[in-house]
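Good morning, everyone, and thank you for making room for me in the meeting. Please have a look at the chain on the screen while I talk, and stop me whenever a term is unclear.

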Amino acid sequence: MWNASTNMQAYTHYTPTGAARLDRIYATENILNNKQGIETIAAAFTDHMAVLARINLLIPFIHRGRGRWSMNTSLLDDKQFRDAIKMKWSEWKKHIRRYPSIVHWWDQYVKRNVKYMFIREGTERKSDRNRMENFYYAAIYDIIQESVSYTQKIATLKKLRAKIIRLNGTFHQRTMLDTEEFDKTLGETPSLHHIIKSRKRQTSRTIRRISDEHARIYSTSTGIRQAFKMHFNEKFKALQTDVTKAQQPLNCELREIPVGSNETLEAPITLSEIRSAIDKGKSHKAPGNGGIGLEFYKSEWETIKTDLLQIFNSMYIDGTILENQLKGIIVCIPKHAHPVTIADYRPLTLMNTDYKILTRIIAARLRQVLADMIHPHQYCGIPGKSVFDAVADVRDAIAQAEIFQKPLCILSIDFSAAFDKISHEYLYMVLEAHGISASFRRKITRLYEHATSEIQINGFRTDTIPIKSSIRQGCPLSMILYVLSESSNTILREKPQRHQDM
């Protein structure tokens, strides 16, 4: 791999007692024929010099877009930056009167200024970091060339490398946003492991070729996006509901909400509910539309809590929910290692943070009365119950059948794309059948009637598509709404025709 040169000496490893060319690099003839150049460069993550080979290979290249903007949450660790936000907040509040509502002010003015503030600070810090990093690397090359003892040389090299590692630690903090849950722990500093995992994850999600339901193949960036858009447009179109037939399962003695619970559901949101909803959200989760994550709400709580209370009550009580807050970003996660068709991808909707906080509050309120509204054999979403209780009941049923020598049939049903097949019209009918007030049903309706999504493929987003059916995978409220929509079917399944021999 090396270019033969008697005038240039290069070492790849330095020790307190000397320097050596310990590293051997082998390459195939094809790679050697396409080699453009090779050199050694300093690397902070190893005590060896890195060997950089430039190779010209003719391989298909998929251009990636910049994706969505997401907040660099590591900036919130800086007290001076947080103090600057606090000062700016006082100035921003003076502009509330210029907007139709506090929600418009928050979504259209404050968020834009927060975004610009983070971008400006991040750009300045990145520029400073690049200058400092270049200085450290220049110092590394200088010390390598100096005629000093290897003991002094290796000590200086280690110090400079340590400084580069510390310098890059904060810069790569946002890498944690693109790392799986089991690959990180709370408060962990990003490392080379996380960077490699993030790159592998990004590569695995790069879609180079896709086949639609008609076996048409798409291999260009534009074609792939268009295929996904057509698929999801069809998937989320309004489902036609036969009201007469839909009413039949709703006449099966559905349990109604306890007396007085509607007043509790409709009550104004409290500060403690907002704080609880924020605390329940996980850190380092990819934010949806707007790019502002929960870390901002947690970090700046004391500064923004009074205004947040007005914002969420305006959204909940007055119904001032903007279309921008209802817009989701659909990312497609491969279900297995070698996806071929669009059906091989699982759509996950990244929701706006305001939307997730509001729906988490609504879900917490509904969860308190859910046990009184659905069948006792339903475990999902019920406080104090979990899937382990369901497993225990099945285990006990098997044990009882064995003891009393009774025949037993265990049927496991897996609903394909269950969330995607919920009709909004039928969902509203179910809520009414459970005795939920018109006022609260209207609050749920507002979350869906103007809902839209954009599909993000390879860092590019498609045009907006309307969401006329389904409940969103990624919304805190979806599981409870699904349980309620299935409540009538649970009752029907519990009333089979009894045979004489049973």
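I will go through cavities, salt bridges, cysteines, backbone angles and aromatic rings, in that order.

Before anything else, please keep in mind that what you see is a predicted model, and that the values I quote are computed from it.

Let me begin with the empty space inside. How many cavities of 30 Å³ or more does the structure hold? There are 4 of them, and the largest encloses about 80 Å³ of space. If you would like to find that largest cavity on the screen, look for its lining residues, among them Phe236, Ile330, Pro347, Asp420, Ser470 and Arg472. Sorted by class, the lining is made up of 5 nonpolar, 4 polar and 2 charged residues. Please remember Ser470 from that lining, as I will come back to this residue when I reach the backbone.

Next come the salt bridges. As a general reminder, side chains of opposite charge can pair when their charged atoms come close. Over the whole structure, the search finds 19 salt bridges, and I have picked out a few to describe.

The first one I chose joins Asp128 to Arg131, where the closest N and O atoms are 2.3 Å apart. Both residues belong to helix H3, which covers residues 102-145, and because they are 3 residues apart there, about one helical turn separates them. Asp128 is partly exposed, at 43% relative accessible area, whereas Arg131, at 51%, is exposed; the cut-off for exposed is over 50%, so Arg131 falls in that class.

My second example is the salt bridge between Asp212 and Arg216, with an N to O distance of 3.1 Å. Are its two partners buried or exposed? Asp212 is buried, with a relative accessible area of 7%, while Arg216 is partly exposed at 41%.

The third example pairs Asp279 with Arg275, again by a salt bridge, at 3.1 Å from N to O. These two residues are 4 apart in helix H9, residues 271-280, which means that about one helical turn lies between them. Asp279 has a relative accessibility of 42% and counts as partly exposed, and Arg275, at 25%, counts as partly exposed too. Elsewhere, salt bridges that share partners tie Asp78, Glu121 and Arg125 into one network.

Now a few words on cysteines. A disulfide is a covalent bond between the sulfur atoms of two cysteines. How many disulfides are counted here? The count comes to 0. As for individual cysteines, Cys380 is partly exposed at 27% relative accessible area, and Cys409 is exposed at 66% relative accessibility.

Turning to the backbone, I should say that most residues other than glycine have a negative phi. Gln405, which is not a glycine, has a positive phi of about 55 degrees. Gln405 sits in the loop between helix H14 (387-403) and helix H15 (424-433), and with 67% relative accessibility it counts as exposed. Ser470, the residue I asked you to remember, also is not a glycine and has a positive phi, of about 85 degrees. Ser470 is found in the loop between strand E11 (465-466) and helix H17 (478-485), and at 1% relative accessibility it counts as buried.

Finally, the aromatic rings. A pair of such rings is described by the distance of the centres and the angle of the planes. The structure holds 12 aromatic pairs. One of them is formed by Trp106 and Tyr297, which meet edge-to-face, with 6.0 Å from centre to centre and 70 degrees between the planes. This pair links distant parts of the chain, since Trp106 is in helix H3 and Tyr297 is in helix H10 (residues 294-299), 191 residues apart. Trp106 and Tyr297 are both buried.

Phe228 and Phe232 give us a stacked pair, because their ring centres are 6.3 Å apart and their planes are at 25 degrees. Both lie in helix H6, residues 221-235, where they are 4 residues apart, or about one turn of the helix. Phe228 is buried at 0% relative accessibility, and Phe232 is buried at 3%.

To end with a group of rings, Trp89, Trp92, Trp105, Trp106, Phe296 and Tyr297 form one aromatic cluster. Thank you for listening, and I am happy to take questions.

How values were computed:
Residues numbered from 1 in each chain as written. Heavy atoms only, no water. 1 Å grid on protein atoms, 1.4 Å probe; cavity = no way out; pocket = protein on both sides within 12 Å on 5 of 7 lines; lining within 4 Å. Points joined across faces, edges and corners; volume = space filled by probe spheres on them. Nonpolar A, V, L, I, M, F, W, Y, C, P; charged D, E, K, R; others polar. Salt bridge = Lys/Arg side-chain N within 4 Å of Asp/Glu carboxyl O. Buried < 20%, exposed > 50% of the residue type's maximum accessible area, 1.4 Å probe, protein only. Disulfide = S-S within 2.5 Å. Phe/Tyr/Trp six-rings, centres within 6.5 Å; stacked < 30°, edge-to-face > 60°.
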